[in-house]
Amino acid sequence: MEFIPEQGKNVLADSSTLILPALSIGNVGQLAVDLLVASTKAERVGYLDTPFILPCVGNDAYGPVPQGELALPLEAYDSSSKSLSLIQQRSPVVKGKMIEFAKNLADYVAASGKKHVIVLSSLDFGRWQRIDMSSGSQMHYLSSTNSDGTDDHCEQLGWKRLQEYNPNQRSWKYLSTLAEDNVMPEDSLPFEGEFEEEEYYYPSLPFAALFSCFKAKGLKVTCLLCFCSEGDNTPDAFHLAEAACKLLGQSPTNFHGNSNDKWLIPISWKTVYGPPADISLF
């Protein structure tokens with residue numbers, strides 16, 4: 001993976017925290033990163049070139065008026081005022097290459113001096129087995145702080161550890177082995193067809209590969225996860241971006257100096273579900 005710097009831009013050297021999405025249902029992680037980039041007024045400092053991401057190109061997503069500046073599949077942003085770095089991913093990983101992509105990205109992030117990686121993603125509401133509305137918060141997390149995935153700070157914020165995470169389960173062990181480039185005993189390898197079983201669902205998702213590979217590089221990683229369904233997922237994006245701010249001890253109202261607007265909405269959201277309908281004939 002190669003970092004291509006933006007001409008005339010300097011990478012933030014003292015930023016130790018990185019936020020990025022893991023693609024999943026409703027693209028909630030990507031939408032949340034959009035909100036954070038726009039509201040922190042982060043600047044694009046470059047992009048990452050990798051053969052493991054499908055190519056795509058689009059118009060500027062954040063300018064008040066699109067200027068024709070191209071948006072690329074994997075972009076790096078820095079917010080100097082908040083000492084925060086962000087990566088936005090705009091297209092999927094090539095099928096069968098998620099582990100290779102996660103390893104390459106983890107190598108780049110570790111080499112750039114980052115200490116804490118926050119992964120934003122979503123989970124299929126249809127697979128939510130234990131619904132508990134008593135806490136009022138349905139944010140879930142997974143952390144590398146402790147071996148069982150728990151984190152005291154996240155618990156204090158009222159979030160629940162992803163119950164389906166079990167580091168001693170064969171599926172999670174297998175993923176960890178792949179991330180660490182270790183050789184797994186033959187009798188511990190999954191049998192053909194087992195990947196379709198429920199046990200392998202969560203370890204097969206992009207957030208799990210990123211979590212395992214970042215953890216294998218010795219980085220602190222926190223995955224923030226929300227359950228949702230396909231549809232208008234902008235409310236879920238606000239929820240997830242808000243959680244990222246709480247984790248960092250930040251307030252969105254302090255990002256841009258406008259107390260009347262909690263978040264700055266990216267210009268691209270006007271057509272996130274297609275161009276506006278032509279009502280001139282009605």
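These legends describe close-up views of a predicted model.

**View 1. Helix α2 packs against helix α5.** Two packed helices are described by the angle between their axes and the distance between the axes. Helix α2 covers residues 98–111, and helix α5 covers residues 206–216. Their angle is about 45°, and their axes lie 9 Å apart. That makes α2 oblique to α5. The crossing of this pair is right-handed. From α2, the residues in contact are M98, I99, F101, A102, K103, L105, A106 and V109. They meet P206, A209, L210, C213 and F214 of α5. By class, this contact holds 12 nonpolar residues, no polar ones and 1 charged one.

**View 2. Helix α4 also packs with α5.** Helix α4 runs over residues 170–180. Here the angle is about 55°, and the axes are 9 Å apart. That makes α4 oblique to α5. The crossing of α4 and α5 is right-handed. Four names come from α4: W172, L175, A179 and E180. Their partners in α5 are F207, A208, A209, S212, C213 and A216. The contact of α4 with α5 counts 8 nonpolar, 1 polar and 1 charged residues. Look for A209 and C213 in both views: they meet α2, and they meet α4.

**View 3. Helix α1 crosses helix α6.** Find α1 at residues 28–40 and α6 at residues 234–248. The two axes come within 8 Å and cross at roughly 60°. That makes α1 oblique to α6. This crossing is right-handed. On the α1 side sit V28, G29, L31, A32, L35 and L36. On the α6 side, they meet T234, D236, A237, F238, L240, A241, A244 and C245. Sorted by class, the contact of α1 with α6 gives 11 nonpolar, 2 polar and 1 charged residues.

**View 4. The second largest cavity has a lining of named residues.** Rolling a probe the size of a water molecule over the atoms shows where empty space is left. The model has 2 cavities of 30 Å³ or more. The second largest holds about 30 Å³ of space. Its lining consists of L20, P21, L74, I87, Q89, F101, L105 and L210. Three elements each give two or more residues to this lining: β2 (17–21), β5 (84–89) and α2. By class, the lining has 7 nonpolar residues, 1 polar residue and no charged ones. Some names return from View 1: F101, L105 and L210 line the cavity, and they also take part in the contact of α2 with α5.

Terms used. Residues are numbered from 1 along each chain as its sequence is written. This is a predicted model: local features need pLDDT of at least 70, side-chain atom pairs count only at pLDDT 80 or more; totals for chains, interfaces and linings use all residues. Side-chain values use heavy atoms; hydrogens and water are left out. Axes are lines fitted to C-alpha atoms, for helices over the stretch in contact, and angles run from 0 to 180 degrees between N-to-C directions. Angles under 35 degrees count as roughly parallel, over 145 as roughly antiparallel, 65 to 115 as roughly perpendicular and the rest as oblique. A crossing is left-handed if the near helix is turned anticlockwise from the far one by less than a right angle, and right-handed if clockwise. Contact means heavy atoms within 4.5 Å. Ala, Val, Leu, Ile, Met, Phe, Trp, Tyr, Cys and Pro count as nonpolar, Asp, Glu, Lys and Arg as charged, and the others, Gly among them, as polar. On a 1 Å grid over the protein atoms alone, a cavity is a set of points where a 1.4 Å probe fits but cannot get out, and a pocket is an open set with protein on both sides within 12 Å along at least five of seven lines; lining residues have an atom within 4 Å of a point. Grid points are joined across faces, edges and corners, and a volume is the space filled by probe spheres set on the points.
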